[in-house]
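Colleague: I would like to learn how to read a model of this kind step by step, with the general idea stated before each case. Could we begin with the chain in front of us?

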Amino acid sequence: MKHNAEVQESRRDGLKWAVVVTLVVLAVVGNTYFADQALLYRVLGVVVLCAGAAAVALTTARGRDLAELAKNAKKEIQRVVWPTRPETVQTTVIVLVAVLVVGLMLWLIDTLLSWAMSGVIG
């Protein structure tokens with residue numbers, strides 16, 4: 001019984017995705033077709049059609065999975081311990097000093113190799 005429901009759901013999902021694609025295509029074609037209309041009206045039309053497409057997409061299995069993923073990502077972001085301003089400044093200074101030291105070392109090596117090659121070549 002559950003298998004039949006899943007098959008029916010997947011068929012409906014296919015139709016829903018067809019509706020989503022149709023709405024997005026309508027938004028693109030409509031924006032081009034009504035190019036002589038005011039920008040505000042075209043933008044509103046595209047936003048309404050895309051919002052409708054998103055609403056339909058979120059009713060599919062993959063859409064629900066995406067919404068769940070977004071919800072979990074938001075929870076994870078809230079759990080992150082962000083560095084304080086002094087920690088950020090200190091880390092930035094360390095990185096800049098390291099880049100400067102490596103740059104100077106590479107310049108010195110390049111200069112020495114250049115000097116040695118001009119001595120060998122003549």
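Modeller: Helices here are DSSP runs of H or I that hold at least four residues, and they are numbered from the N terminus. By that rule Leu 15 has its place in helix α1, and Trp 17 lies in helix α1 as well. Please keep in mind throughout that this is a predicted model.

Colleague: Which residues does the UniProt annotation "transmembrane region" cover?

Modeller: According to the UniProt record, which is an unreviewed entry, the annotation "transmembrane region" covers residues 15-34, 40-61 and 89-109. Such annotations may be inferred rather than shown by experiment, and it is useful to set them beside the coordinates. Residues 15-34 are 95% helix and 0% strand, with their end C-alpha atoms 28 Å apart, while residues 89-109 are 100% helix and 0% strand, with end C-alpha atoms lying 30 Å apart.

Colleague: What should the 37 residues of helix α4 span?

Modeller: The expected span of a helix is 1.5 Å times one less than its number of residues. For helix α4, residues 85-121, this gives 54 Å, and the end C-alpha atoms are 53 Å apart, so the expectation and the model agree. Just after α4 comes Gly 122, whose phi is positive, near 120°.

Colleague: How many salt bridges does the structure hold?

Modeller: Side chains of opposite charge can pair when their charged atoms come close. The cut-off applied is a side-chain nitrogen of Lys or Arg within 4 Å of a carboxyl oxygen of Asp or Glu, and the structure holds two salt bridges. One of them joins Glu 68 to Lys 71, with the closest N and O atoms 3.9 Å apart; in the other, the side chains of Arg 79 and Glu 76 meet at 3.1 Å, N to O.

Colleague: Where do Glu 68 and Lys 71 lie?

Modeller: An α-helix has 3.6 residues a turn, so residues three or four places apart point the same way. Glu 68 and Lys 71 both lie in helix α3, residues 61-79, and are three residues apart, about one turn of the helix. Arg 79 and Glu 76 are likewise in helix α3 with a separation of three residues, about one turn.

Colleague: Is Arg 79 buried or exposed?

Modeller: Buried means under 20% relative accessible area and exposed means over 50%, with partly exposed in between. Arg 79 has 58% relative accessibility and therefore counts as exposed, whereas its partner Glu 76, at 44%, is partly exposed. In the other pair, Glu 68 is partly exposed because its relative accessibility is 39%, and Lys 71, with 46%, is partly exposed too.

Colleague: Which residues is Thr 60 in contact with, leaving aside its neighbours within four places in sequence?

Modeller: A contact joins residues whose heavy atoms come within 4.5 Å, and setting sequence neighbours aside lets the fold show itself. Thr 60 is found in the loop between α2 (39-57) and α3, and at 0% relative accessibility it counts as buried. Beyond those neighbours within four places, Thr 60 is in contact with Asp 13, Lys 16 and Trp 17. Trp 17, for its part, touches Ala 57, Thr 60 and Arg 62 when residues up to four places away are not counted, and with a relative accessible area of 35% Trp 17 is partly exposed.

Colleague: How many residues apart in sequence are Leu 15 and Thr 60?

Modeller: Sequence separation and spatial separation should be read side by side. Leu 15 and Thr 60 are 45 residues apart in sequence and 9.8 Å apart in space, C-alpha to C-alpha, and Leu 15 counts as exposed at 59% relative accessibility. For Trp 17 and Val 95, the separation is 78 residues in sequence and 48 Å in space, again C-alpha to C-alpha.

Terms used: Residues are numbered from 1 along each chain as its sequence is written. This is a predicted model: local features need pLDDT of at least 70, side-chain atom pairs count only at pLDDT 80 or more; totals for chains, interfaces and linings use all residues. Side-chain values use heavy atoms; hydrogens and water are left out. Helices (H or I, at least four residues) and strands (E, at least two) are DSSP runs, numbered from the N terminus. Buried means under 20% relative accessible area, exposed over 50%, partly exposed in between (1.4 Å probe, protein chains only).
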